[in-house]
Amino acid sequence: MRAPASPALEGFVAAVLADDGTAGWTRAVPPRVAALLDALPAPARLAVRAAAAAVDTYAVARTGRRLSALGPTARQQVMASLASRRALLPLLDAVKVPVMLAAGTERTMHHDAAPPPSAPKDPPLDCTPSAHWPTRSTADAVVVGSGAGGAMAARTLAAAGLSVVVVEEGEHHTTASFARRPPLDRFIDLYRDGGATIAVGNPPLVLPVGRAVGGTTVVNSGTCYRPPDHVVDRWLSHYGFAAAEGFDSPLDEVERALRVARQPLDVLGDNGLLALAGAEQLGWAAAPLRRNAPGCRGSCQCVVGCPTGAKQSVQLSVLPEACAAGARIVTGARVRRVLTDRDGPRGPRAAGVLARRPDGSELEILSPLVVVAAGALHTPPLLRRSGLGGHPRLGRNLSVHPAISVAGRFSRPVSGGRGVLQSVGVEHLRAEGILIEATAAPPGMSSFVLPGVGRELRREIERTERLATLGAMIADRPSGRVLGSDRILLRYDLAERDAGRLLRAQRAMGRVLFAAGAEEVLTGVPHAPRARTPAQLEALLDTVSARRLHVSAFHPTGTAAAGADPERSPADPQGRLRGVHGVLIADGSLLPSCPEVNPQLSIMAAALAVARRFVTGS
Amino acid sequence: MSPRGTVFRETMLGRVRLAGEENDRPVRLDLVARADRVLLPHRTTRARLTGRIRIAGRADDSGIEGELEISPLARRRIRYRAGFDLDGRRLLLDGWKSVSFTRPLTSMTVLPYTLYEDGARAGAGTLRFPLATGLLPFLAGFRFPRTAVPADGPDPAPRWDGRPGRTEVWYTTLTDPATGTGVWLHHEVVAPSDGSPAYAHGWAALFPEDGPVQHARFGPTPWTAQSHGFRTEDARALPGRLTGSAGPFRWALSEEPQGPPLYTFPRWSWRHPWLPAAHLLPAARAHYTGTVRHGTGELRLTDAPGASARIYGHGNARRWAWLHADLGGGDVLEIVAAVSMRRGLDGLPPLVFLRLRHHGRTWPRRAERSAVGWAGMGRFRADIGLPRWRVGGRAGLQRIRVTVTQPPERTLALDYTDPDGSAAVCRNSERADAEVHLERWRGGWRTQALWRLSGTAHAEVGER
């Protein structure tokens with residue numbers, strides 16, 4: 001059901017999109033924006049609605065009439081007047097993102113009503129909605145979270161003969177359900193906070209994380225990098241993360257489970273081919289990425305759930321094996337607390353978990369082992385809620401991959417919604433901590449913030465098929481912190497070194513796009529949006545600081561890091577939380593420092609190593 | 001470890017949805033929980049569960065058995081696990097109350113549970129403790145009975161620690177069921193108040209049915225420290241074994257305890273000798289087997305009922321009366337009524353310590369109850385005299401009247417000497433008569449039990 005859009009929102013959408021009533025698809029955009037806003041956390045929702053109301057008020061002050069009552073020309077004048085104020089540009093950029101997403105979706109559905117792809121049947125999972133799970137139950141091990149780490153831990157423990165219950169806050173989505181629904185609807189369901197998890201800082205970061213059976217692996221791009229040797233060496237020698245000893249063995253097993261292979265060129269798509277061509281022109285090393293998507297058909301929808309079942313997210317690969325070994329999954333249950341018995345002979349000991357169903361009722365599962373794999377952003381608050389957050393470093397040491405994207409306009413359509421979403425890695429600058437990955441957007445869901453409002457934006461939207469996008473992520477210094485216990489507050493202060501890396505990445509991506517033949521490069525910077533030549537781009541970027549970039553962030557890690565130093569590491573070298581018996585950490589929060597590449601393999605291998613060591617008692 | 005346990009009853013009502021059924025069924029669970037230690041909220045207490053479960057239309061099993069883990073603070077959990085039969089299947093009920101300080105009432109009264117059969121779920125439901133109707137009976141039903149009876153009763157080592165002005169006694173009285181003969185073996189250590197060395201002495205006395213009372217003394221001999229019981233050249237009174245000789249008497253008896261200890265005085269008074277004296281029976285009843293020779297005669301005993309007792313204190317009372325009555329069927333009555341020698345206390349009426357072990361329970365529950373009542377109100381009363389003395393009193397809904405008769409021909413008079421050198425006369429009979437009348441209030445006093453002992457009661461009266 002769609003929420004009806006308020007008049008202020010309708011007028012605002014019409015003004016942002018320069019809706020003159022000639023295109024049929026624009027009518028459906030306001031309700032879709034309203035539905036998208038409903039999925040956002042309350043502060044973001046209120047901010048967008050307040051911004052829409054403010055623009056409406058501005059229109060009344062300027063013209064005496066509300067935006068919805070104005071004609072297209074008058075609306076355009078109002079928006080042009082607003083856009084002429086440079087200080088307002090970042091704000092306009094922020095509030096127009098939901099409008100762009102909704103508009104892109106409606107336009108795609110209107111123009112390209114392709115039949116849904118045939119979806120294969122998923123491997124069976126033993127999922128029980130929390131409403132049907134008994135209020136009191138027991139298990140040998142409870143795994144909190146079914147993402148990369150949780151799934152791997154569950155599989156290992158179940159294979160060792162333990163009765164395992166995986167408690168997942170999100171729901172189970174099948175490949176068939178992905179195939180049936182438009183990307184934006186899936187986006188709302190699959191991401192926590194409607195994808196608008198924000199880290200406060202300068203600049204603020206958008207840090208989307210998944211919430212479903214399979215965790216973020218359902219919505220990641222499927223890129224599978226092994227952690228670089230120097231990173232693993234540092235984990236071992238500098239941090240004393242003993243579970244990373246012989247890390248090749250768990251990495252090999254994870255790659256087998258995910259069926260990781262280099263992406264063939266046949267379905268790579270223009271976005272990736274252009275990146276390869278650009279890099280070749282520059283003489284830079286680039287290659288199709290290694291991915292966990294054998295038989296990928298190039299639907300370009302990885303980040304909203306693969307509709308063809310090619311991407312081996314853990315709910316298609318690892319969790320079915322765990323369930324075959326006896327593990328059970330409870331869906332729609334948010335773990336509130338890890339229960340502890342505080343009168344044990346050797347200090348407090350985990351006793352199970354208390355979880356809340358969507359209707360507010362609670363269920364408890366008793367088990368002597370609790371594996372916390374709620375993700376680097378939610379493991380610290382869960383431990384704090386449980387009275388286990390006493391370690392001063394818990395929640396600190398947050399590493400992310402700050403990322404920016406740059407788009408190049410070509411003379412021909414290059415992103416017709418086909419191809420691999422994240423296809424090619426340009427590794428020329430990896431030594432500098434910069435990894436460029438050709439990353440297209442799902443149909444109608446460009447995450448790249450197009451410049452302008454009103455007619456300028458509309459023009460850009462009409463020409464999105466000609467845009468190729470590159471993304472770059474940088475290896476950061478751990479500069480973030482997860483605060484809070486019930487509601488989280490993320491704090492991330494971009495380090496000076498990392499700001500420089502972002503700017504270098506921006507230039508490098510522009511060079512690749514120009515080398516590939518782009519007519520124009522869109523920087524995503526509000527006051528310096530486009531450059532037509534490499535020289536112009538260089539000059540333009542000289543005026544830009546990292547604070548003005550639209551920075552997203554991915555791959556949070558390190559908030560309950562494992563290590564030998566009890567002062568510095570909340571978890572011990574085996575991944576056991578210090579200060580309590582029977583709690584294992586098995587998610588990204590375990591990694592002592594930034595893995596410098598897409599971390600799925602690292603997290604899964606670490607979880608596997610930790611669970612294996614628990615099982616073997618070593 | 002605490003010598004006390006906890007027993008309480010709990011009834012909960014609720015519903016269950018059995019696997020494969022469409023509708024809930026009413027459930028009633030009546031439980032008795034028994035723990036081996038005192039239930040304290042800050043620690044985890046485990047208890048055994050027994051009771052009855054009724055599931056409307058499906059089960060009524062009085063044999064539910066399981067365990068209870070009570071940990072409202074340390075683990076914030078009260079967990080019930082109990083097995084029962086349902087249509088020939090064995091089901092396990094597993095559930096727990098999850099204590100929350102924000103919702104104390106709900107969390108302490110609601111018990112969600114799951115039923116399992118061979119590890120597979122067979123149903124689920126919720127039970128509730130009915131606060132309005134159940135709280136008072138629940139609280140009133142808490143009991144903290146003594147548990148963990150040490151196999152050998154109190155420490156068998158002598159209680160005397162070398163202080164002057166103390167006396168310690170081991171004595172045994174028994175009745176030969178074959179001949180009706182009573183036997184009294186008395187072993188005593190006296191540490192004079194003037195600091196002179198402690199000495200041991202004693203006597204043996206025989207109360208034949210068809211002849212005069214005979215007795216002979218042994219000792220005194222110097223007392224040397226012992227690790228177990230009473231041991232001199234003449235006589236030994238050790239746990240399980242009594243041997244010795246005195247004049248024409250020679251005895252060798254084995255002792256077999258038949259029950260837990262009985263503390264005639266408050267238990268604390270044995271550990272902390274704050275009262276003028278303390279009296280206890282290491283075993284409330286015992287059987288004696290062996291021989292007692294007296295000159296040319298010999299008494300052969302086989303499982304002769306009787307009891308051994310120990311006394312430790314400052315000396316004899318100003319006036320006292322004592323009764324040990326084996327009432328049969330495992331029941332025992334022990335009475336000590338005494339007037340203290342201490343100044344200020346010597347003007348009080350006799351303090352009565354009456355302990356009736358009946359059907360395995362000791363009444364009154366506290367030894368202090370019969371002696372001092374409630375600040376003197378309701379204390380038991382004694383009328384000490386000869387040849388007949390009486391004790392009576394009421395505690396709770398029960399009252400008792402005891403009449404003891406010591407015919408002079410069956411009574412032996414002996415001189416006692418206290419540690420301070422003062423003398424007393426004890427008139428003892430191991431062939432006394434007694435009548436014990438136990439009544440219970442049921443709208444009027446109704447007789448609950450009436451025992452008449454003819455020649456098998458052991459009693460004495462002491463005077464100055």
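This passage describes the domains of chain A, the surface between them, and the contact with chain B in a predicted model.

The domain assignment divides chain A into two discontinuous parts: domain 1 takes in residues 7-114, 398-477 and 492-553, while domain 2 is made up of residues 136-257, 313-387 and 558-616. Taken over C-alpha atoms, the centres of domain 1 and domain 2 of chain A are 33 Å apart.

Turning to the surface between these domains, 34 residues of domain 1 of chain A meet 25 residues of domain 2 of chain A. On the domain 1 side, two or more residues each are supplied by helices α2 (29-39) and α5 (89-111) and by strands β15 (399-409), β17 (434-439) and β23 (552-557) of chain A. Of the contributors to this side, α5(A) gives the most, with four residues. Sorted by class, the domain 1 side that touches domain 2 of chain A holds 23 nonpolar, seven polar and four charged residues.

The contact between the two chains draws on 10 residues from chain A and 13 residues from chain B. On the chain A side, strand β2 (residues 136-138) provides the largest share, three residues. The class make-up of this chain A side is two nonpolar, three polar and five charged residues.

A database record also helps to place one segment of the chain. In an unreviewed UniProt entry, residues 375-389 of chain A carry the annotation "domain: Glucose-methanol-choline oxidoreductase N-terminal". In the model, this span of chain A is 47% helix and 0% strand, and 15 Å separate its end C-alpha atoms.

Terms used: Residues numbered from 1 in each chain as written. Chains lettered and ligands numbered in written order. Predicted model: local features only at pLDDT ≥ 70, side-chain atom pairs only at ≥ 80, totals over all residues. UniProt positions renumbered as here; feature names shortened; annotations may be inferred. Contact = placed C-beta atoms within 7 Å. Nonpolar A, V, L, I, M, F, W, Y, C, P; charged D, E, K, R; others polar. Domains from an automatic or database assignment.
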